[in-house]
Amino acid sequence: ITENTGLEPMTLTLSDSSKVILASGSRLTYQMPFGNKERNVSLVGEGFFKVTRDTERPFRVFSKGLTATVLGTEFHVRSKYGDSLVTVELLQGKVQVEAENVVGYIMLNPNERAVYTRMQPNIYKEQWTPGVSNTAKKVAHLAFDQNSFEEVAQKFKSVFGVTLMNNSSKVKWNFTGEFNDVNAVDVIEN
């Protein structure tokens, strides 16, 4: 277990030469050295990963019900204490992202982000630009009036560039709501 109790980011080099930059207040749990078949780590907080390629041993990051699986790539995982969201942001390579209580997985390409909402288990993919704030694009006004899931999903795609998936057992439902100065995450959490 490595915990960053300092105020500055901490750089770790793991037994497979992968590098992790651990944010202040974050904790990484891992086996030293890694096993012969897999490389698993658990993250609480925020970490940037530059994973050494190894096609025989996938590298998995577990964080608050979310699992990111890679062979070799660069990505960022955020799961802040008390936050209901977990994000995986991909810089290079490919990452497969799965979440508890959500059927299927999302495959990320560079400049894409997976966002997992833990309160109502849901995972979605959106475009992401490195160096840009974690806050998604805001819109001044967004309204729904007895819209079906398909209509809500279509509007989300056109307004935010976000793909919504309904993984609940509720197939037929309607939603009414009005939002001002919000981003996609604000609306989903509400």
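These are my notebook entries on a few places I looked up in this structure, which is a predicted model.

**Entry 1, helix 1.** I began with helix 1, which runs over residues 149–160 and holds twelve residues. From its first C-alpha to its last I noted a reach of 16 Å, close to the 16 Å expected at 1.5 Å a residue. I then looked up which residues of helix 1 are buried, and found Phe149, Val152, Ala153, Phe156 and Phe160. Seen down the axis of helix 1, these buried residues fall within an arc of 100 degrees, so they line one face of the helix. I set beside this the general rule that an α-helix has 3.6 residues a turn, so residues three or four places apart point the same way. On the face turned away from the buried side I found the exposed residues Glu150, Gln154 and Ser158.

**Entry 2, around helix 1.** What covers the buried residues of helix 1? I noted that the cover includes strand 14 (139–148), strand 15 and helix 2 (184–189). Just after helix 1, I came upon Gly161, which takes a positive phi of about 75 degrees.

**Entry 3, Asn174.** Since strand 15 had come up, I turned to Asn174, which is found in that strand, residues 174–182. Asn174 is partly exposed, because its relative accessible area is 47%, and the band for that term lies between 20% and 50%. Leaving aside neighbours within four places in sequence, I found Asn174 in contact with Gln146, Asn147 and Ser148. I also looked up Asn174 against Pro110, and these two, 64 residues apart in sequence, are 34 Å apart in space, C-alpha to C-alpha.

**Entry 4, the nonpolar cores.** The largest nonpolar core has 29 residues, and those with the most contacts inside it are Leu28, Phe49, Phe59, Phe75, Val88, Val95 and Ile123. A second, separate core has 19 residues, and I noted Leu85, Val139, Ala153 and Ile188 among them; Ala153 is one of the buried residues of helix 1 that I had listed before. I then followed Phe59 and, not counting residues within four places in sequence, found contacts that include Leu14, Phe34, Arg39, Phe49, Val51 and Val70.

**Entry 5, Gly65.** My last stop was Gly65, found in the loop between strand 6 (59–63) and strand 7 (66–70). Which residues does Gly65 touch, not counting those up to four places away in sequence? I found Glu98, Ala99, Glu100 and Tyr116. The C-alpha atoms of Gly65 and Thr117 are separated by 9.9 Å, and the two residues are 52 residues apart along the chain.

Methods: Residues are numbered from 1 along each chain as its sequence is written. This is a predicted model: local features need pLDDT of at least 70, side-chain atom pairs count only at pLDDT 80 or more; totals for chains, interfaces and linings use all residues. Side-chain values use heavy atoms; hydrogens and water are left out. Helices (H or I, at least four residues) and strands (E, at least two) are DSSP runs, numbered from the N terminus. Contact means heavy atoms within 4.5 Å. Buried means under 20% relative accessible area, exposed over 50%, partly exposed in between (1.4 Å probe, protein chains only). The expected span of a helix is 1.5 Å times one less than its number of residues. The arc is that of the directions from the helix axis to the C-beta atoms. A nonpolar core is a set of buried Ala, Val, Leu, Ile, Met, Phe, Trp, Tyr and Cys residues joined through side-chain atoms within 4.5 Å.
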